[in-house]
Amino acid sequence: MKHLLKIALAATFAATAFNFAAMAQEKVQHPSENYKIGVAGYTFRKLPFEDALAFLKSIDVKYMSIKDFQLPLDASVLDMEAFKAKCAEYGVEPYILGPIYMRSVEDVDRAFDYASRFGAKMFMGVPNYELLDYCIQKVKSTGIKLAIHTHGPDKAPFPDVRKIVEMVGDPTIGIGCCIDLGHSFRFGKNPAKDLVKYKDWIYDIHIKDETDPSKQGKTWEMGRGKMDIPAIVKAIKKSGYKGVISIEFEKNPANPLIGVAESVGYLRGVMDCVK
């Protein structure tokens, strides 16, 4: 009888140990995994490109927007294929090009040719107002969409999404907005409300935290500034946006990595908690 009891206890212990081991190996699912978190290439303007890729891999960020100092506007198709292969080595998708500033018809042609060689379906750009009609023609002839990047109070064309809506008029044309939520905040707007109100116009999102809702506001580590990041995440969820949400960390360009890591961690935490 004692022998049978020992066998039963041993079997129970083994089954319990197996269950705990299985639980330890099972991957925990986090709500933040349902979002595509990226980092804007401008963040790494003072950093060697491959160092930026290695860093993104180390924090499990899989998306990066690409500036022309990382992939020049005159890059050949072969150059671009090599560039994509280098990104793939680190598990990073160069998901969008830009923003590209367009001050002339030639600039517009060059930007669309650049996007075409890359095989892009969309790029970020900032055209002068008088070039908008020509941009619309290029969108129609190439099938490549244009996400106009907003710059708030910093004197660039298209300070916020309202100007894009006013001048384009129809969100189905193929010209929409890369809404920079930090610049919107600095321009005195409510980023969370804009994300919902203008959801049909939003092609891409740049997210950051700012120290003040004015032109004097500066980028800070996310969660330390004055922006309501939980409200923004709720608005993104409510809007149904499924694209990349790119952190643009403008502070400390010579050594942005700690600030980016902190911001990514904070954003993931908010995404995990927001209902």
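## Exercises on a predicted barrel model

In this predicted model, strands S3 and S4 are paired through four bridges, and the sense of the pairing is parallel. The exercises below start from this pair and work outward.

**Exercise 1. Determine which residue of S4 is the bridge partner of Leu97, and what S3, H4 and S4 make together.**

Step 1. Strands of a sheet pair through backbone hydrogen bonds, and the pairing may be parallel or antiparallel. For Leu97, the bridge partner in S4 is Phe123.

Step 2. Taken together, S3, H4 and S4 form a β-α-β unit that is right-handed. Helix H4 lies across both S3 and S4, and the direction in which H4 runs is at about 170 degrees to S3.

Step 3. Eight of the 10 residues of S3 are buried, so this strand is largely enclosed by the rest of the structure.

**Exercise 2. Describe how S2 is joined to S3, and state which way the residues of S2 point.**

Step 1. Strand S2 (residues 63–66) and strand S3 (residues 93–102) run parallel and are joined by four bridges. Within S3, Glu93 is the bridge partner of Tyr63, Pro94 is that of Met64, and Leu97 stands opposite Ile66.

Step 2. Between these two strands the chain passes from S2 through helix H3 (residues 77–89) to S3, in a β-α-β crossover that is right-handed.

Step 3. In a regular strand, side chains alternate between the two faces of the sheet. In S2, Tyr63 and Ser65 point one way while Met64 and Ile66 point the other way, and all of these residues are buried.

**Exercise 3. Follow the chain from S1 to S2, and find which side of H2 holds its buried residues.**

Step 1. Strand S1 (residues 36–39) is paired with S2 in the parallel sense, over two bridges. Gly38 is the residue that stands opposite Tyr63 of S2.

Step 2. Helix H2 (residues 49–58) belongs with S1 and S2 to a right-handed β-α-β unit.

Step 3. In H2, the buried residues are Phe49, Ala52, Leu53, Phe55 and Leu56. Around the helix axis they cover an arc of only 165 degrees, and therefore they lie on the same side of H2.

Step 4. These buried residues of H2 pack against S1, S2, H3 and helix H10 (257–273). Just after H2 comes Asp60, which takes a positive phi of about 60 degrees.

**Exercise 4. Which residues of H5 are buried, which are exposed, and what covers the buried ones?**

Step 1. An α-helix has 3.6 residues a turn, so residues three or four places apart point the same way. In helix H5 (residues 132–142), the buried residues include Leu132, Cys135, Ile136, Lys138 and Val139.

Step 2. When the helix is seen down its axis, the buried residues of H5 fall within an arc of 160 degrees, so they line one face of the helix.

Step 3. Asp133, Lys140 and Ser141, by contrast, are exposed on the other side of H5. The cut-offs behind this step are under 20% relative accessible area for buried and over 50% for exposed.

Step 4. The cover over the buried residues of H5 includes helix H4 (105–118) and helix H6 (161–168), together with strands S4 (122–127), S5 (145–149) and S6 (175–180). H5 lies across S4, S5 and S6, and its direction is at about 110 degrees to S6.

Step 5. After H5 comes Gly143, whose phi is positive and near 75 degrees.

**Exercise 5. Place these pieces in the whole chain: in what order do the eight strands close into a barrel, and how much of the chain is buried?**

Step 1. The chain contains 10 helices and 10 strands. Eight strands close into a barrel, following the order S1-S2-S3-S4-S5-S6-S7-S10, and their pairing is parallel. From one strand to the next, the twist averages 30 degrees.

Step 2. Of the 275 residues in the chain, 48% count as buried. The accessible surface of the chain is about 13800 Å², and carbon and sulfur atoms account for 57% of it.

Step 3. Among the contacts between residues at least 6 apart in sequence, 74% join residues that are at least 24 apart.

Step 4. Along the principal axes, the C-alpha atoms of the chain fill a box of roughly 95 × 45 × 40 Å.

How values were computed:
Residues numbered from 1 in each chain as written. Predicted model: local features only at pLDDT ≥ 70, side-chain atom pairs only at ≥ 80, totals over all residues. Heavy atoms only, no water. Buried < 20%, exposed > 50% of the residue type's maximum accessible area, 1.4 Å probe, protein only. Pairing = 2+ DSSP bridges. Right-handed = clockwise from strand over helix to strand, strands pointing away. Arc of directions from axis to C-beta. Contact = heavy atoms within 4.5 Å. Axes fitted to C-alpha atoms, helices over the stretch in contact; angles between N-to-C directions. Areas by Shrake-Rupley, 256 points an atom, 1.4 Å probe, with all protein chains shown as cover.
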